[in-house]
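Here are some notes for a colleague opening this entry for the first time. Please read them with the structure in view.

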Amino acid sequence: MVEILAGYYGAGAAGTAGASVAAVLLGAALAWFAAVGLRLAVIDIRTRRLPNGLVLPSYPVAGVLLAGAALAAGEPDRIAAMLLGAAGLWAGFFALRLASPAGLGFGDVKLAGLLGLYLGFLGAGHVLAGMVAAFVFGGICGVVLILTGRGTASSTVAFGPFLLLGSAVAMLVPALQ
């Protein structure tokens, strides 16, 4: 996403009006992700809840900003990819929730759908990379908790922060772009 944002800004600086608008909208979408993501991570760590009051309003905010950026940049195909990413992650996490209700909360399902909008904007590979990273980070945390004696194999941890971290890594690491 960093390279796309830089490309939009560069094209905007070269005089392309649509790219300037796209850069502003994509920058706003990333700022929203950072602000809401940080707040959700803190809340989830403290309470093991991802409140609907933050997650659900973020769907239209992110959707409008990302879709607006795609349209302004002349890349309407990104909108379908966003919707597929959101639907795919929501459905996948819903299936995980059904398979193991104690292992995954419904807030994680809703958050996964939101993150699918962001990752889908970048493409299917980013959707996969973000979720793989989330599970890897969560697994590393679990191993560290077990090795340090602060947890057991049956301990639970808030998964929302790992979903957010994995998604952020997938969006920001240039090697994945």
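**Notes on the fold, the spaces and two residues**

1. Fold. Read from start to end, the chain runs α-α-α-α-α-α-α. That is seven helices and zero strands. Please keep in mind that this is a predicted model.

2. Overall size. The radius of gyration is 17 Å. The globule rule gives 16 Å for 177 residues, which is close, so the chain is as compact as a globular protein of that length. Along the principal axes, the C-alpha atoms fill a box of roughly 60 × 30 × 25 Å.

3. Burial and surface. How many of the 177 residues count as buried? The share is 42%. The chain exposes about 8600 Å². Carbon and sulfur atoms supply 73% of that exposed area.

4. Contacts along the sequence. Take the contacts between residues at least 6 apart in sequence. Of these, 70% join residues at least 24 apart.

5. The cavity. The structure holds one cavity of 30 Å³ or more. The volume of the largest cavity is about 40 Å³. Its lining is made by Trp-32, Phe-33, Val-36, Gly-37, Leu-40, Leu-114, Leu-115, Tyr-118 and Leu-164. Two elements give two or more residues to this lining: helix H2 (17-47) and helix H5 (106-122). H2 gives the most, with five residues.

6. Character of the cavity lining. Which classes of residue line the largest cavity? Eight are nonpolar and one is polar. No charged residues take part. The polar one is Gly-37, because Gly counts as polar in this scheme.

7. The pocket. The largest pocket has about 730 Å³ of space. Its lining has 30 residues. Nearest its centre lie Gly-103, Leu-104, Asp-108, Val-157 and Phe-159. The elements that give two or more residues to the lining are helix H4 (77-99), H5 and helix H6 (124-147). H6 gives the most here, with six residues. H5 is thus listed for the lining of the largest cavity and for that of the largest pocket.

8. Character of the pocket lining. By class, 15 of the lining residues of the largest pocket are nonpolar, 10 are polar and five are charged. Asp-108, one of the residues nearest the centre of this pocket, belongs to the charged class.

9. Gly-74. Where does Gly-74 sit? Its place is the loop between helix H3 (52-72) and H4. Is Gly-74 buried or exposed? Its relative accessible area is 55%. The cut-off for exposed is over 50%, so Gly-74 counts as exposed. Ala-22 is 52 residues away from Gly-74 along the chain, yet their C-alpha atoms are separated by 9.1 Å. Ala-22 falls within the span of H2 (17-47).

10. Ser-167. This residue is found in helix H7 (residues 160-172). Why does Ser-167 count as buried? Its relative accessibility is 1%, and buried means under 20%. Leaving out residues up to four places away in sequence, Ser-167 touches Phe-33, Leu-115, Leu-119, Gly-130 and Met-131.

11. A link between points. Phe-33 and Leu-115 are among the residues that Ser-167 touches. Phe-33 and Leu-115 also help to line the largest cavity. Please look at Ser-167 and the cavity together when you view the model.

Note on methods: Residues numbered from 1 in each chain as written. Predicted model: local features only at pLDDT ≥ 70, side-chain atom pairs only at ≥ 80, totals over all residues. Heavy atoms only, no water. 1 Å grid on protein atoms, 1.4 Å probe; cavity = no way out; pocket = protein on both sides within 12 Å on 5 of 7 lines; lining within 4 Å. Points joined across faces, edges and corners; volume = space filled by probe spheres on them. Helix = DSSP H or I, 4+ residues; strand = E, 2+ residues; numbered from the N terminus. Rg over C-alpha atoms; globule rule 2.2 N^0.38 Å. Buried < 20%, exposed > 50% of the residue type's maximum accessible area, 1.4 Å probe, protein only. Contact = heavy atoms within 4.5 Å. Areas by Shrake-Rupley, 256 points an atom, 1.4 Å probe, with all protein chains shown as cover.
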